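The following note sets out several points to consider while reading the structure. Please keep the sequence and the model in view throughout.

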Amino acid sequence: MSADSDMEYSDNDCEYDDYYNSGEDCDVERLDPKKADPEYFEYECLTVEEVEKLLNESVEKLNTILQITPSLAKVLLLEHQWMNHVVVDKYRQNANALLIEARIKSPNPANSNLATISTSTNTNADVPSTSAAAIAQVSLSVYSKNSSCNNGHSSSNNYNNNNNNNNSRLHGLSGSNSCSTISHQYRSQMCPVCATVHLGDKFYSLSCGHVFCKDCWSMYFETQIFQGISTQIGCMAAMCNVRVPEDLVLTLVTRPVMREKYQQFAFKDYVKSHPELRFCPGPNCQIIVRSREIAPKRVICKVCNTSFCFKCGMDYHAPTDCQIIKNWLTKCADDSETANYISANTKDCPKCHICIEKNGGCNHMQCFNCKYDFCWMCLGDWKMHGSEYYECSRYKDNPNIANESVHVQAREALKKYLHYYERWENHSKSLQLEQQTLDRLRQRINDKVMKGRGTWIDWQYLFNAAALLAKCRYTLQYTYPYAYSMESGSRKDLFEYQQAQLEAEIENLSWKIERAETTDLGDLENQMDIAEKRRTTLLKDFFPLDA
C-alpha cells in the first residue's frame, strides 16, 4: 500500500470517530428516565439570595401588569400561591372582589369616605373592572396618615416603593377626595386603644377606616412579630380582618432587630406559600429546594445531604403517600405505649428456647446454641421461607369480623395494627443495625487486606452491596403503612406478593453480605440486581405519583 493511501486512511479514520461518538444512533431507543426510574425527580437547590431574586421577579412582573405597589403585589401573590396569571384573571373579572378576598380591602369599611374612594372606579361590586384604577385607589388608601393636604393629595407613606412614576399615578387617581377621608392635622382626637389625645398627624388607618395612634400601632406590630406573625398581621379593631401591608409595618417599626425579624418571618411565609419551593428540613440549613413538579419524590440537599419528601417535607416515604404516612406516624405516636412490648430486642429460639438477641439487620437467624435456622419475624423454620413468598409478611383478615361484637372488632383492629407496626419497627431497627454490620464488614476487609487476601479496591463491591441493602430495606419499611391502609382485594394481594418477594431478596442479600468472600462476587452482584429490580417493580406499580 502506498504512502498516499496510508495518509488517506488516517484522514477517514477521524470521520469514523465522529460517527461513533456522535451519539445520534437512531436505532437505539433512548429511555425516558421518568419511565425507567420511578424515583427520578428534577429539582435544584437554591440559596436565600437566589430565592429572593426569584420572588422579586414575580413581584415586578405583577407590578408592571397592574401598576401597583410592591407591597400590594406581594399580598396578592401570597394569597394566590405566586401565580401571576391567576391574580391578573381575577383582577380582570372583578378587581373589587379580588381586594376583599386578599383582605386588602374591607367589605364593610368603618369610614364611609374611605369606602367611597376605594370603590370610586367600581361602584357596583358585581360589575367587572378592567382598569387599574380600582387597585390603585385602594393601594393609596391602604394606610393613611392624618396630615396636611398638599395640592389636594394625602401624604401616603409607601415604604420601599421603587417606582416614582407609579407614586405620581396613584396619587393623581385619588384626586382631591383623598383629603376628605382624614382628619386635619391640627384637630385633636382620642386613640381608642390607649385613650390618649393626639394631634391628627399621629394617627394611621388602613383601608377599613379604623384609626389608631402611631405608638399603639408600633407596639401592636412588635407584639405580633415577637409571636412569629408577619404577613398575617391584621387590623387592631375587633372583627376586622383587613391585612396590614408590609410598608406600614416597616414604616412604624423602628427597632432594627424587630424589622429584621419581620422580614425573616415574611420571607418564610412567602416560601411556604410558593408551591414550587420547599425549605430543607436539615438542622441550620438555609437551602431552599425548587421543583416544577409537585410530587412526593425524594430530594437530597446538596449542602447537608438531608433526604426528604418534596411534597410534604417529611422523611421520604415511597411507596406510601403523604397523607397515609402522616396518619400512620400519628397513630404510632398515640399507640406507642400499647406497642412497647413489641420493641423488645430478644426472642426465644423456637427449638431450644434459649434467649437470643438480634445483633444484625438480617431476619434470617441462626441459634448459636442449636444452630437452628429460623425467621426472626414469625419464628418459623427458615427453610419454609424459600417457597414462593413470605407468608409472615401478610396479615390475614377475619372474614367474619363484620358479624362480631364491637369489642371483638376493636381487638381485631388492634391485632392488625400491631402486625404491621411490628414489621415497621423491625425494619427500622434493622436499618440502624446495618451500620453495625457495615462496621464489622469494614473490620473484616481490613483484616483480609492485612493478611494479603486482596486489596481495598478488590473488596469495594461489598460496600456497594451494603448501600443497596440499606436502600431496599428503607423502601420495604414504608411498604407496611401502605399495606395497613389498603382495602382487601386483588390489588392488595398483588402488593403483598411483591412486598414479600422484595423482603425475601433483601434477606438473601443481607445474609450473603455478612458471609461474603472473594469467590462470592458474581453471586452477590446477581443478588443485588434481583433485589433492586424487585424494589423498582414495586415502586412502578404502587408509587402514588399524583398523591
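At what angle do the axes of helix 3 and helix 12 cross, and within what distance do they come? The points below begin with this pair; the reader should note that the model is predicted.

1. Helix 3 (residues 48-66) and helix 12 (residues 256-273) have axes that cross at roughly 70° and come within 11 Å. Angles of 65 to 115 degrees count as roughly perpendicular, and the two helices are therefore roughly perpendicular to each other.

2. On the side of helix 3, this contact is made by Val48, Val51, Glu52 and Leu55, and on the side of helix 12 by Phe267, Tyr270 and Val271. Sorted by class, the contact of helix 3 with helix 12 contains six nonpolar residues, one charged residue and no polar ones.

3. A different arrangement of axes can be examined in helix 17 and helix 18, which cross at roughly 155° with their axes coming within 9 Å. Angles over 145 degrees count as roughly antiparallel, so helix 17 is roughly antiparallel to helix 18. The crossing of these two helices is left-handed.

4. The residues of helix 17 that meet helix 18 include Leu494, Phe495, Leu502, Glu505, Leu509 and Ile513. Among their counterparts in helix 18 are Leu524, Met528, Ile530, Arg534 and Leu538. The contact of helix 17 with helix 18 divides into 11 nonpolar, six polar and seven charged residues.

5. Attention may next be given to the nonpolar cores. The largest nonpolar core has 41 residues, and those with the most contacts inside it are Trp328, Trp424, Leu462, Phe495, Leu509, Ile513 and Leu524. At least two residues of this core come from each of helix 13 (322-334), helix 14 (406-450), helix 15 (460-477), helix 16 (479-485), helix 17 (490-514) and helix 18 (521-542). Helix 15 gives the most, with nine residues.

6. A second, separate core has 29 residues, including Val51, Leu76, Phe267 and Leu277. Val51 and Phe267 also take part in the contact between helix 3 and helix 12.

7. Which residues does tryptophan 424 contact, leaving aside its neighbours within four places in sequence? They are Ile325, Trp328, Leu329, Gln477, Tyr478, Tyr480 and Pro481.

8. Is serine 106 buried or exposed? Serine 106 lies in the loop between helix 6 (95-101) and helix 7 (112-118). Its relative accessible area is 8%, and buried means under 20%, so serine 106 is buried. Not counting residues up to four places away in sequence, serine 106 touches Ser207, Cys208 and Val242.

Definitions and conventions. Residues numbered from 1 in each chain as written. Predicted model: local features only at pLDDT ≥ 70, side-chain atom pairs only at ≥ 80, totals over all residues. Heavy atoms only, no water. Core = buried A, V, L, I, M, F, W, Y, C linked by side-chain atoms within 4.5 Å. Buried < 20%, exposed > 50% of the residue type's maximum accessible area, 1.4 Å probe, protein only. Helix = DSSP H or I, 4+ residues; strand = E, 2+ residues; numbered from the N terminus. Contact = heavy atoms within 4.5 Å. Axes fitted to C-alpha atoms, helices over the stretch in contact; angles between N-to-C directions. Parallel < 35°, antiparallel > 145°, perpendicular 65-115°, else oblique. Nonpolar A, V, L, I, M, F, W, Y, C, P; charged D, E, K, R; others polar. Left-handed = near helix turned anticlockwise from the far one by under 90°.
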